[in-house]
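Let's take a friendly look at two charged side chains and the strands around them. Please keep the model open as you read.

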Amino acid sequence: QVQLVESGGDLVQPGVSLRLSCAASRRALDDYAIGWFRQVPGKGREGDACIIKSGGKTYYADSVWGRFPSSRDSDHNAVYLQMSNVRFEDTAVYYCAAGYATDINCLLERYYNRNYWGKGTPVTVSS
């Protein structure tokens, strides 16, 4: 069974750091790529970062490259998104999901099973 639960979202000021966690079932970590997506009202989900299953290579969207490193913690069955120097435009609901992509396509929503998404955690960046 694939289960994903996000946590860590908060109301923060610009420039601070924040870590999002995705608690994943063992099967999710072993069999799928894990992606982080953001969504703002009225728009579709956009991929920020993803870790593929084989070798654990990580891919990033240009908008977060160097700011939001993602890592996998197999000991704790979790994937993290370490958000640093957050900006107003990072305000969104953040989701983690499990999908089948084995390359940079893991940043695209269509490569994810519609049933393998968490419920999201909101991040609001405001002064």
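Here is a short tour of Glu6, Arg38 and strand β3.

This is a predicted model, in which local features need pLDDT of at least 70, side-chain atom pairs count only at pLDDT 80 or more, and totals for chains, interfaces and linings use all residues. Residues are numbered from 1 along each chain as its sequence is written, and side-chain values use heavy atoms, leaving out hydrogens and water.

Start with Glu6, which lies in strand β1 (residues 4-7); strands here are DSSP runs of E with at least two residues, numbered from the N terminus. Glu6 is buried but has no salt bridge, and the nearest side chain of opposite charge, Arg45, is 7.6 Å away. Buried means under 20% relative accessible area with a 1.4 Å probe, protein chains only; a salt bridge is a side-chain nitrogen of Lys or Arg within 4 Å of a carboxyl oxygen of Asp or Glu.

Arg38 belongs to strand β4 (residues 33-39). Arg38 is buried too, with a relative accessible area of 8%.

The side chains of Glu6 and Arg38 reach these partners:

| Side chain | Partner | Distance |
|---|---|---|
| Glu6 | Cys96, backbone nitrogen | 2.9 Å |
| Glu6 | Lys119, backbone nitrogen | 3.1 Å |
| Arg38 | Asp90, side chain | 3.1 Å |

Finally, five of the seven residues of strand β3 (residues 18-24) are buried, so β3 is largely enclosed by the rest of the structure. Four bridges join β3 to β1, running antiparallel, with Val5 partnering Ala23 of β3. Six bridges link β3 to strand β8 (residues 78-83), also antiparallel, where Leu18 has Met83 as its bridge partner.

Terms used
Buried < 20%, exposed > 50% of the residue type's maximum accessible area, 1.4 Å probe, protein only. Lys, Arg positive; Asp, Glu negative; His and termini not counted. Polar contact = N/O pair within 3.5 Å; in protein donor to acceptor, adjacent residues only side chain to side chain. Pairing = 2+ DSSP bridges.
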